[in-house]
Amino acid sequence: MHKIILHGGNKLRGRVKINGAKNAALAILPAVLLASEKVTLHNVPDITDVRTMLRIIEDLGTTIRRRGRNTLEFYPSSLRGYAPPYNLVQKIRASSYLMGSLLARFGKATVPVPGGCDLGPRPIDQHLKGFTALGADCLIEHGLINLASGKLTGAHIYFDVVSVGATVNLMLAAAAAEGRTVLENVAKEPEIVDLANFLNAMGAVIKGAGTDVIKVDGVKEFGGAEHAIIPDRIEAGTFMLAVAATGGEVIVGGVIPKHLEAVTAKLREMGVEVEVEPEQIRVRREGPLVPSALKTFPYPGFPTDLQPLGMVLLAAAEGTSVVTENVFDGRFGHVDELEKMGARIKVEGRIAVIDGGAPLSGAPVSATDLRAGAALLVAGLIAQGETALSDAEHIYRGYENIEEKLASLGAQIKRLRAGDSSSLAGDPG
Ligand code: UD1
């Protein structure tokens with residue numbers, strides 16, 4: 001079990017560089033399995049979810065060479081397996097993408113029902129409905145999803161819900177199906193566009209990514225490609241919300257500001273100064289925070305992944321705020337932990353009412369999932385005294401060098417290793 005110790009009270013100041021997008025990398029790595037030649041990926045975040053996905057595709061027979069911390073080369077031509085190992089698949093939600101890529105490559109796949117963050121029920125009915133429409137037989141038995149298809153054939157698929165995962169999976173499978181597939185009511189996230197760009201660079205024919213309708217003309221063979229993964233808008237949003245919470249001034253660099261418009265708008269509404277420049281965003285707060293209503297939606301709405309962090313900011317704003325979680329059923333795991341730190345929050349179904357302004361105080365808390373963990377980190381930065389955040393391994397699933405980055409901005413934070421004492425006294429941060 002990993003633990004992070006924080007002492008709150010310091011304003012964040014300086015510049016931070018954002019890494020490649022976790023959710024783009026987790027969609028692109030399974031897509032690498034379609035290639036027949038070398039693939040080079042740049043800006044791959046060095047986080048545990050990505051390492052798990054790398055181990056899975058290596059286990060299936062892909063040779064991987066590291067050419068730097070964030071650049072990797074792949075040689076997938078020797079790929080042989082179509083049944084990724086249960087113990088690794090269980091760790092990450094995005095392992096479900098192996099269904100689409102293995103189906104495209106081999107016409108069959110046996111993938112354990114995927115794990116990932118516990119955000120309430122996370123069905124995969126839309127994925128399976130799509131595969132079935134392309135002509136695959138889908139059977140769930142003993143915790144395994146068995147997919148088989150003599151031949152994938154293009155189809156017209158209308159998704160009942162907007163799902164990032166189902167959109168990714170059907171793009172992957174349809175890329176190798178015979179004929180045209182039309183996917184309607186798809187997710188428009190930037191990570192979907194990044195995946196389409198990568199697949200097209202390998203020879204796929206995909207149009208419309210970033211809109212509600214994606215058209216895929218299947219091809220028989222894919223070449224290699226060289227691709228740089230887009231910056232992580234959720235990591236960028238995390239730092240924007242962190243400096244908004246602590247006060248101070250931070251330049252969040254290496255981002256695509258267009259991907260962060262919902263966050264930028266919400267912060268401005270709450271009294272935070274946000275200056276948008278071509279590849280960076282400057283966030284500054286000196287005055288008080290204004291309470292607000294925050295509603296999550298699929299992109300381009302406010303991202304559900306930043307809802308827990310948004311809640312910390314609202315807890316720091318004097319007055320009543322309301323959070324409506326529209327994407328996931330059970331995404332309030334952070335509330336109990338924030339209450340231990342003195343936040344006043346009432347949850348009713350998908351709505352949380354925050355009676356903000358009560359000073360937070362440091363406490364022993366636990367990262368119940370990845371973004372809940374990030375939210376508790378930020379809560380620890382504004383709390384009085386020491387916060388001991390356990391189960392911090394959840395945070396390393398999605399953030400590279402998080403302690404180093406926050407410390408470089410002035411936060412008092414350290415990762416506790418076995419045998420360390422918990423005090424930060426004398427630690428310059
Ligand atoms: C992805 C992201 C996650 C983000 C989420 C929403 C990755 C690896 N993860 O998760 O960080 O929080 O998008 O932006 O990219 N649903 C169904 N049936 C399905 C599929 C989904 O009902 O077959 C529902 C889900 O229960 C949820 C909603 O659709 O309520 C959105 O889920 P989805 O977009 O699929 O999220 P993920 O792809 O799991």
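A residue is called buried when its relative accessible area is under 20%, exposed when that area is over 50%, and partly exposed in between, using a 1.4 Å probe and the protein chains only. The model examined here is predicted, so local features need pLDDT of at least 70 and side-chain atom pairs count only at pLDDT 80 or more, while totals for chains, interfaces and linings use all residues. Residues are numbered from 1 along each chain as its sequence is written, and side-chain values use heavy atoms, with hydrogens and water left out.

Charged pairs make a good starting point. With a salt bridge taken as a side-chain nitrogen of Lys or Arg within 4 Å of a carboxyl oxygen of Asp or Glu, a search of the whole structure returns 26 of them. One of these joins R233 to E191, with an N to O distance of 2.9 Å. Helices (H or I, at least four residues) and strands (E, at least two) are DSSP runs numbered from the N terminus; in these terms, R233 belongs to helix α8 (residues 233–246) and E191 to helix α7 (residues 190–201), so that the pair bridges distant parts of the chain, 42 residues apart. Both partners, R233 and E191, are buried.

Helix α8 contributes to a further salt bridge, in which the closest N and O atoms of E235 and K405 are 2.6 Å apart. Because E235 sits in helix α8 and K405 in helix α14 (residues 402–408), this pair ties together parts that are 170 residues apart in sequence. E235 is buried at 2% relative accessibility, and K405 is buried at 11%. Helix α14 also supplies E403, whose side chain meets that of R415 in a salt bridge at 3.2 Å, N to O. R415 lies in strand β23 (residues 412–416), twelve residues from E403. Here the two partners fall into separate classes: R415 is partly exposed, with a relative accessible area of 26%, whereas E403 is buried at 5%. Elsewhere, salt bridges with shared partners connect E249, E273, E275, E277, R282 and R284 into one network.

Helix α8 itself deserves a closer look. It has 14 residues and spans 20 Å from its first C-alpha to its last, close to the 20 Å expected when 1.5 Å is multiplied by one less than the number of residues. Of its 14 residues, 14 are buried, so α8 is largely enclosed by the rest of the structure. At its start, a side-chain oxygen of D232 comes to within 2.8 Å of the backbone nitrogen of I234. Just after the helix, G247 adopts a positive phi of about 85°.

Attention turns next to the ligand. A residue is near the ligand if one of its heavy atoms lies within 4 Å of it; of the 21 residues around the ligand, Q126, S163, V164, D305 and V327 come nearest. A polar side-chain atom of S163 is 2.6 Å from a ligand oxygen atom, and a polar backbone atom of V164 is 2.7 Å from an oxygen atom of the ligand. For R331, an N or O atom of the side chain lies 3.5 Å from a ligand oxygen atom. Taken alone, the ligand exposes 730 Å², of which the protein buries 87%, with accessible areas from the Shrake-Rupley method and a 1.4 Å probe.

Key: Polar contact = N/O pair within 3.5 Å; in protein donor to acceptor, adjacent residues only side chain to side chain.
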